[in-house]
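Let's take a walk through this model together, one neighbourhood at a time. Keep the viewer open as you read, so that you can look up each residue when it is named.

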Amino acid sequence: VGESGSGKSTVARILLRLERPDAGHIMLDSEDMLAAEPRRASLSYRRRVQMVFQDPFGSLNRTHDILHHLARPLLRHRRATSKDVRDKAIDLLHAVGLEPAEEFISRRPYELSGGQRQRVAIARALAVDPDLLIADEPTSMLDVSIRISIMDLMLKLAAGLNVSYLYITHD
């Protein structure tokens, strides 16, 4: 928590390995990831550390359906095969409370509300079973009534999936 410009998002970008710190270490399971992977993050690191962005509309490509957004990480990180990717994507939509999930899978982001898009973004981040999920103001662009449901969802998922959060907020 901190005011604008205090470095919250910079810390997130460093942990995501999108920026290199001037000094220090990124420790993951007692291993200094900057020393182990000095040039850039490996696919293994990217699986373990995922991000939910502030703007769910900007982080989802409007030309692709929801299945595409969920299938890419599932296939890239070998969490699904081409035969079961649709079923696993539907399971992810169930997990984030998008019901009936079978109806959401073929929709495009512009056909969803802001809260529904953010649930898809959370499902996409969870698709690879991360250890750390970085949430950079994930509710700031949502209506107040939807914010609470997204925060409740994230708390429920943290407990049920054994995932840790770095939750960035002004509130």
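Leaving aside residues up to four places away in sequence, Ala 123 touches Leu 70, Leu 92 and Val 96. Ala 123 belongs to helix α7 of this predicted model. Its relative accessible area is 0%, so Ala 123 counts as buried, the cut-off being under 20%. For a distance to check in your viewer, take Ala 123 and Asp 91: 32 residues separate them in sequence, while their C-alpha atoms are 9.3 Å apart in space.

**The sheet and its helices**

Three strands form an open sheet in the order β3-β4-β5, and the pairing is parallel. Its edge strands, each pairing on one side only, are β3 (49–52) and β5 (164–168). From one strand to the next, the twist averages 20°. Helix α7, which spans residues 114–126, packs on this sheet and touches β3 and β4; the directions of α7 and β3 make an angle of about 175°. Helix α8 (residues 144–161) also packs on the sheet, where it touches β4 and β5, and its direction makes about 155° with that of β5.

Now for the pairing itself. Strand β4 covers residues 132–136 and is joined to β3 by four bridges, the two strands running parallel. Between β4 and β5 there are five bridges, again in the parallel sense. The table gives three partners that you can pick out.

| Residue | Partner | Strand of the partner |
|---|---|---|
| Gln 50 | Leu 133 | β4 |
| Val 52 | Ala 135 | β4 |
| Leu 132 | Ser 164 | β5 |

Which way do the side chains of β3 point? Val 49 and Met 51 point one way, Gln 50 and Val 52 point the other way, and all of them are buried. As for β4, four of its five residues are buried, so this strand is largely enclosed by the rest of the structure.

**Helix α4 and His 69**

Helix α4 runs over residues 66–76, and its buried residues are Ile 66, His 69, Leu 70, Ala 71, Pro 73 and Leu 74. What covers these buried residues? The cover includes α5 (85–95), α6 (101–104) and α7. Leu 70 of α4 has already appeared here as one of the residues that Ala 123 touches.

At the N-terminal end, α4 is capped by Asp 65, which has a side-chain oxygen 3.3 Å from the backbone nitrogen of Leu 67. After the helix comes Arg 78, with a positive phi near 55°.

His 69, found in α4, deserves a look of its own. With a relative accessible area of 6%, His 69 is buried. Its side chain has polar partners, though: the side chain reaches the backbone nitrogen of Asn 61 at 2.8 Å, and a polar atom of that side chain lies 3.0 Å from the backbone oxygen of Asp 65. Not counting residues up to four places away in sequence, His 69 touches Leu 60, Asn 61, His 64, Pro 109 and Arg 124.

**Backbone geometry to check**

Most residues other than glycine have a negative phi, and most peptide bonds are trans. Against that background, a few places are worth checking.

Arg 17 is not a glycine, yet its phi is positive, about 70°. Arg 17 sits in the loop between α1 (8–15) and β1 (27–28). Is Arg 17 buried or exposed? Its relative accessible area is 11%, so Arg 17 is buried under the 20% cut-off.

Glu 137 also has a positive phi, near 50°, and is a residue other than glycine. The loop between β4 and α8 is where Glu 137 lies. Its relative accessibility is 12%, and Glu 137 counts as buried.

A cis peptide bond joins Glu 99 and Pro 100, with omega at about -10°. Pro 100 is placed in the loop between α5 and α6.

**Rings and charges**

How many aromatic pairs does the structure hold? It holds zero. Charges do sit over rings, however. Arg 17 lies over the face of Tyr 45, at 5.7 Å from the ring centre. Over the ring of Phe 104 sits the charged end of Arg 107, 4.5 Å from the centre.

Technical notes:
Residues numbered from 1 in each chain as written. Predicted model: local features only at pLDDT ≥ 70, side-chain atom pairs only at ≥ 80, totals over all residues. Heavy atoms only, no water. Pairing = 2+ DSSP bridges. Axes fitted to C-alpha atoms, helices over the stretch in contact; angles between N-to-C directions. Contact = heavy atoms within 4.5 Å. Buried < 20%, exposed > 50% of the residue type's maximum accessible area, 1.4 Å probe, protein only. Polar contact = N/O pair within 3.5 Å; in protein donor to acceptor, adjacent residues only side chain to side chain. Phe/Tyr/Trp six-rings, centres within 6.5 Å; stacked < 30°, edge-to-face > 60°. Lys NZ or Arg CZ within 6 Å of the ring centre and 35° of its normal.
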